[in-house]
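Please open the model in your viewer and keep the sequence panel visible beside it. The tour below proceeds by selection, and each stop states what is to be found there.

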Amino acid sequence: QVQLVESGGGLVQAGGSLRLSCAASGHTLDAYSLGWFRQTSGKEREFVAVIDWSGHRTRYGDSVKGRFTISRDNAKNTVYLQMNSLKPEDTAVYSCARTFRGVAVVAGAYDYWGQGTQVTVSS
């Protein structure tokens, strides 16, 4: 049974930083791409970032380019999302997920999801 568990969310002031982690258990992730999505109440899930199995290919959503960085440590079965220069509009529940489909940006390409971690950015 694959489990993805996010951590690192919290409350931060605008302009601050947070680092999210997503740890996997039950299966190694080194053959998969791993992505981060976010969602706020009443809105569709939004693509944030994805990294391929090797760590060499990444893609970012337009709203986070230049501020967020995705990385992974296959030895630790963990993917990270470093979030800098946070804005109030970054407030959301952030979830990680895995996909076999390269650096996919659509949620439908992902099969296993974590429960999410809340990020709140105050102005």
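Begin with the whole chain in cartoon representation: read along the sequence, it follows the pattern β-β-β-β-β-β-β-β-β-β-β. This is a predicted model, and its chain has eleven strands and zero helices.

**Stop 1: the chain as a whole**

Keep the entire chain selected and display the C-alpha atoms. Along the principal axes, they fill a box of roughly 40 × 30 × 25 Å. The radius of gyration is 13 Å, which agrees with the value near 14 Å that a compact globule of 123 residues would have. Colouring by relative accessibility would show that 44% of the 123 residues count as buried. A contact list adds to this view: among contacts between residues at least 6 apart in sequence, 57% join residues at least 24 apart.

**Stop 2: the four-stranded sheet**

Next, select β1, β3, β8 and β7. These strands form an open sheet in the order β1-β3-β8-β7, and their pairing is antiparallel. The edge strands are β1, residues 3–7, and β7, residues 68–73, each of which pairs on one side only. From one strand to the next, the twist averages 15°. Strands of a sheet pair through backbone hydrogen bonds, in either a parallel or an antiparallel sense.

Cross the sheet from the β1 edge. Five bridges join β1 to β3 in the antiparallel sense. To see one of the pairs, select V5, whose bridge partner in β3 is A23.

Move on to the pairing of β3 with β8, which is antiparallel over six bridges. Here, select L20 together with L81, its bridge partner in β8.

Finish at the other edge with β7 and β8. Strand β8 covers residues 78–83, and six bridges join this strand to β7 in an antiparallel arrangement. Select S71 and find Y80 in β8 standing opposite.

**Stop 3: the disulfide**

Which two cysteines form a disulfide? Select C22 and C96 and show their side chains: the sulfur atoms lie 1.9 Å apart. A search of the whole structure finds one disulfide. C22 belongs to strand β3 (residues 18–25) and C96 to strand β9, so the pair ties together parts that are 74 residues apart in sequence. A disulfide is a covalent bond between the sulfur atoms of two cysteines.

Now query the torsion about the S-S bond of C22 and C96; the value is about 55°, so this disulfide is right-handed. Are the two cysteines buried or exposed? C22 is buried at a relative accessible area of 1%, and C96 likewise counts as buried at 1%.

**Stop 4: the salt bridges**

Switch the selection to charged side chains. Side chains of opposite charge can pair when their charged atoms come close. Five salt bridges are found in a search of the whole structure.

Select R38 and D90 to begin. They form a salt bridge in which the closest N and O atoms are 2.9 Å apart. R38 lies in strand β4 (residues 33–39), while D90 lies in the loop between β8 and β9 (92–99), so this pair ties together parts that are 52 residues apart in sequence. Both R38 and D90 are buried.

Then select D111 and R98, whose side chains meet in a salt bridge with an N to O distance of 2.9 Å. D111 sits in the loop between β9 and β10 (112–113) and R98 in strand β9, so the pair ties together parts that are 13 residues apart in sequence. The partners should also be compared by accessibility: D111 is partly exposed, with a relative accessible area of 43%, whereas R98 is buried at 7%. Extend the selection to R38, E46, R67 and D90, which are joined into one network by salt bridges that share partners.

For a final selection, take D62 and K65. Their side chains meet in a salt bridge at 3.2 Å, N to O. D62 has a relative accessibility of 67% and therefore counts as exposed, the threshold for that class being over 50%.

Terms used
Residues are numbered from 1 along each chain as its sequence is written. This is a predicted model: local features need pLDDT of at least 70, side-chain atom pairs count only at pLDDT 80 or more; totals for chains, interfaces and linings use all residues. Side-chain values use heavy atoms; hydrogens and water are left out. Two strands pair if DSSP finds at least two bridges between them. Helices (H or I, at least four residues) and strands (E, at least two) are DSSP runs, numbered from the N terminus. Axes are lines fitted to C-alpha atoms, for helices over the stretch in contact, and angles run from 0 to 180 degrees between N-to-C directions. A salt bridge is a side-chain nitrogen of Lys or Arg within 4 Å of a carboxyl oxygen of Asp or Glu. Buried means under 20% relative accessible area, exposed over 50%, partly exposed in between (1.4 Å probe, protein chains only). A disulfide is a pair of cysteine sulfur atoms within 2.5 Å. The radius of gyration is taken over C-alpha atoms; the globule rule is 2.2 Å times the number of residues to the power 0.38. Contact means heavy atoms within 4.5 Å.
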